[in-house]
Amino acid sequence: MHLRNGDQIYHSAVHAMNYWTEKETALGVRLNAESTTEKTAPFGIETLFSGQITYNPKRRKSAFVERVCSKGLPTQ
């Protein structure tokens, strides 16, 4: 994905999430060695639960608008 997006190499999944177009989709869950889940949300979850979709300035605004409109969602 870093090649497709023109970014430097991502060092981890969490690092890659920092470049996602909409901040609210940057959520991850994994099962660790102790068989418990680890959750990550680099931008937090407050806006997700308030129903917002927000633009990540690390991406082109036009890409954000295109993705959100294609899903029939309002932009902010």
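**Lysine over a ring**

I started at K58: its charged end sits over the ring of Y19, 4.6 Å from the ring centre. A reminder to myself that this is a predicted model. Next I looked up how open Y19 is, and at 22% relative accessibility Y19 counts as partly exposed.

**Aromatic pairs**

How many aromatic pairs does the structure hold? I found 2 of them. One is made by Y10 and Y19, with 5.4 Å from centre to centre and 35° between the planes, and it goes down as tilted. I noted the cover on Y10 too: Y10 is buried, since its relative accessible area is 16% and the cut-off for buried is under 20%. So Y19 turns up twice in my notes, in the pair with Y10 and under the charged end of K58, and it counts as partly exposed because its 22% falls between the buried and exposed limits.

**Salt bridges**

I then went through the charged side chains. Side chains of opposite charge can pair when their charged atoms come close. The count here comes to 3 salt bridges.

I took R59 and D7 to begin with. Their side chains meet in a salt bridge at 2.3 Å, N to O. R59 lies in the loop between helix 3 and helix 4 (61-70), while D7 lies in the loop between helix 1 (2-5) and helix 2 (13-17), so this pair ties together parts that are 52 residues apart in sequence. Buried or exposed, I asked of R59 and D7? Both are buried.

Then I checked E22 and R67. They form a salt bridge in which the closest N and O atoms are 2.6 Å apart. E22 is in the loop between helix 2 and strand 1 and R67 is in helix 4, so parts 45 residues apart in sequence are tied together by the pair. The two partners get unlike labels: E22 is buried, with a relative accessible area of 5%, whereas R67 counts as partly exposed at 37%.

I also wrote down E38 and R30, whose side chains meet at 3.0 Å, N to O. E38 counts as partly exposed at 33% relative accessibility. R30 counts as exposed, because its relative accessibility is 53% and the exposed label needs over 50%.

**G28**

What does G28 contact, leaving aside its neighbours within four places in sequence? I listed M17, E38, K39 and T40. So E38 comes back here, in contact with G28 as well as in the salt bridge with R30. G28 itself is in strand 1 and counts as buried at 15% relative accessibility. I also took the distance from G28 to I53: they are 25 residues apart in sequence and 17 Å apart in space, C-alpha to C-alpha.

**S35**

Here I looked at the backbone. S35 has a positive phi of about 60°, although it is not a glycine. I placed S35 in the loop between strand 1 (28-31) and strand 2. S35 is exposed, with a relative accessible area of 56%.

**Nonpolar patch**

Which residues form a nonpolar patch on the surface? I got L27, I45, L48 and F49, and together they have about 370 Å² of accessible area. I followed up one of them, I45, which is found in the loop between strand 2 (37-40) and helix 3 (46-49). I45 is partly exposed, with a relative accessible area of 36%. That clears the bar for a patch member, because patches take residues with over 30%.

Definitions and conventions:
Residues numbered from 1 in each chain as written. Predicted model: local features only at pLDDT ≥ 70, side-chain atom pairs only at ≥ 80, totals over all residues. Heavy atoms only, no water. Patch = residues over 30% accessible without salt bridge, like charges linked within 9 Å, V, L, I, M, F, W, Y side chains within 5 Å. Areas by Shrake-Rupley, 256 points an atom, 1.4 Å probe, with all protein chains shown as cover. Salt bridge = Lys/Arg side-chain N within 4 Å of Asp/Glu carboxyl O. Helix = DSSP H or I, 4+ residues; strand = E, 2+ residues; numbered from the N terminus. Buried < 20%, exposed > 50% of the residue type's maximum accessible area, 1.4 Å probe, protein only. Phe/Tyr/Trp six-rings, centres within 6.5 Å; stacked < 30°, edge-to-face > 60°. Lys NZ or Arg CZ within 6 Å of the ring centre and 35° of its normal. Contact = heavy atoms within 4.5 Å.
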